[in-house]
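Reader: I would like a close look at a single part of this model, namely the place where the two chains meet and the charged pairs found there. Please set that part against its surroundings, and state the cut-offs behind each term as you go.

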Amino acid sequence: MSDLRVLLVDDEEELVTTLVERLRWRGLQATAVTNGPAALELLRKERYDVVVIDMKMPGMNGLVLRDLIQRDFPAVRVLLATGHGRDSDGDDMDMPQEQDVLLKPFSIDVLIDRINRPPGK
Amino acid sequence: MGASDHHEQTVAALQFFGIVTASVSHELNNVNSTIEQIAGLLEDHLAGLQSGKEIDPDRLRDVHQRIRRQTRRAAEIIERLNRFAHTADDPRARFELGGLLEILVGICRRLSQQRRVELQTAARGEEIWLEGDPFQLARTIFDDLVWFWTSCPTDSVIEAAAGREADRAVVRLAGPLAEPDAEPTGPPPSGDCAVSGDRRTITIAVPCGSA
């Protein structure tokens, strides 16, 4: 089992629960929540090394959640997942760097590669 | 209508169509991403079987149910998009107002949820058959719906209902509107539209004749 602890945040519940099963199958310690406030609550209680966040979520969107995590938990790596290259639905969004973004649908191998990749690579 | 007005109307109509189809493509991409991972989970189980692990039949049943739920969800999304696309077929179509409203609310639900506002339709009452342009009417109602959900507090519910008022058809949108000075977007955008005194309902007059 890997020491890496991964938190997945996506309002698509069936997607994240399936991803958690697949990551655990491969020996990673993975947990999922379906919204930003639940993710922050969990981060206050438990240690996570990597958080994978869907950019489009009701209420607190992924970019807001990323900013809060980077402010309050600077040691945690954040990866963003998006359905499209420009995931805005008309809103102007601060698109993050390509290396921090996963384009849906992604394979489990790509996800694990990004989780294991050192920041900025 | 002058050439310039006509061009503006065409652009506005295309923008509306674009907003709707972009939102639906996001929904379908979510379904596709989920099915992709469920298929991957099935592969994981099969790989386990090949390497001598047993598969619990309940696990397989669970995977099967997940696939069924997602394909059913995709079918509903596609059906809604198809019905919406056909509203642009004929500007003098005969259509039922409650049915049009259900299509529109179904298609807008994901957009309003981004603002943590839920949309729902009231129980269908008397059928209201109209003759006119269902696409333009959908656009008018959409503009007012967007205005309404951006003027609502988060975690609100907006209920849309088709009805009659005197001798004309109307659409009523009900929910908790914010106070006028808190509104970010000014008055409702459609012309023939009234906000109730208690600021809980807006009534949109439908510019189509009875059929």
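Author: What follows begins with the contact between the chains, goes on to the salt bridges, and ends with chain A and its cavity. This is a predicted model, in which local features need pLDDT of at least 70 and side-chain atom pairs count only at pLDDT 80 or more, while totals for chains, interfaces and linings use all residues. Residues are numbered from 1 along each chain as its sequence is written, chains are lettered from A and ligands numbered from 1 in the order in which they are written, and side-chain values use heavy atoms, with hydrogens and water left out.

The contact draws 26 residues from chain B and 21 residues from chain A, where contact means heavy atoms within 4.5 Å. Between the two chains about 2,200 Å² is buried, and carbon and sulfur atoms give 45% of that area; buried area is the accessible area (1.4 Å probe) that two parts lose on being put together, summed over both. Of the area that chain B buries against chain A, 29% is supplied by Gln37(B), Asp44(B) and Gln114(B), more than any other three residues.

Side chains of opposite charge can pair when their charged atoms come close. Six salt bridges are counted between chain B and chain A, a salt bridge being a side-chain nitrogen of Lys or Arg within 4 Å of a carboxyl oxygen of Asp or Glu. Asp44(B) forms a salt bridge with Arg22(A), with 2.9 Å between the closest N and O atoms. Glu21(A) pairs with Arg59(B), and here the closest N and O atoms are 2.2 Å apart. This pair joins two chains, because Arg59(B) lies in helix α2 (residues 57–85) of chain B and Glu21(A) in helix α1 of chain A; helices (H or I, at least four residues) and strands (E, at least two) are DSSP runs, numbered from the N terminus. Arg59(B) is partly exposed at 27% relative accessibility, on a scale where buried means under 20% relative accessible area, exposed over 50%, and partly exposed in between (1.4 Å probe, protein chains only). Glu21(A) and Arg59(B) also belong to a network of salt bridges that links them with Asp62(B) and Arg66(B).

Over all chains the structure holds 24 salt bridges. One of them pairs Arg66(A) with Asp67(A), the closest N and O atoms being 3.2 Å apart; Arg66(A) is buried at 11% relative accessibility, whereas Asp67(A) is partly exposed at 41%.

Chain A itself has four helices and five strands, which follow the pattern β-α-β-α-β-α-β-β-α along the sequence. Buried residues make up 51% of its 121 residues.

The count of cavities of 30 Å³ or more comes to one. A cavity is a set of points, on a 1 Å grid over the protein atoms alone, where a 1.4 Å probe fits but cannot get out, and lining residues have an atom within 4 Å of a point. The largest cavity holds about 80 Å³ of space, a volume being the space filled by probe spheres set on the points, which are joined across faces, edges and corners. Its lining has 13 residues, with Asp10(A), Leu19(A), Val52(A), Ala81(A) and Phe106(A) nearest the centre. The elements giving two or more residues to this lining are β1 (5–9), α1 (13–25) and β3 (50–54) of chain A.

Key
On a 1 Å grid over the protein atoms alone, a cavity is a set of points where a 1.4 Å probe fits but cannot get out, and a pocket is an open set with protein on both sides within 12 Å along at least five of seven lines; lining residues have an atom within 4 Å of a point.
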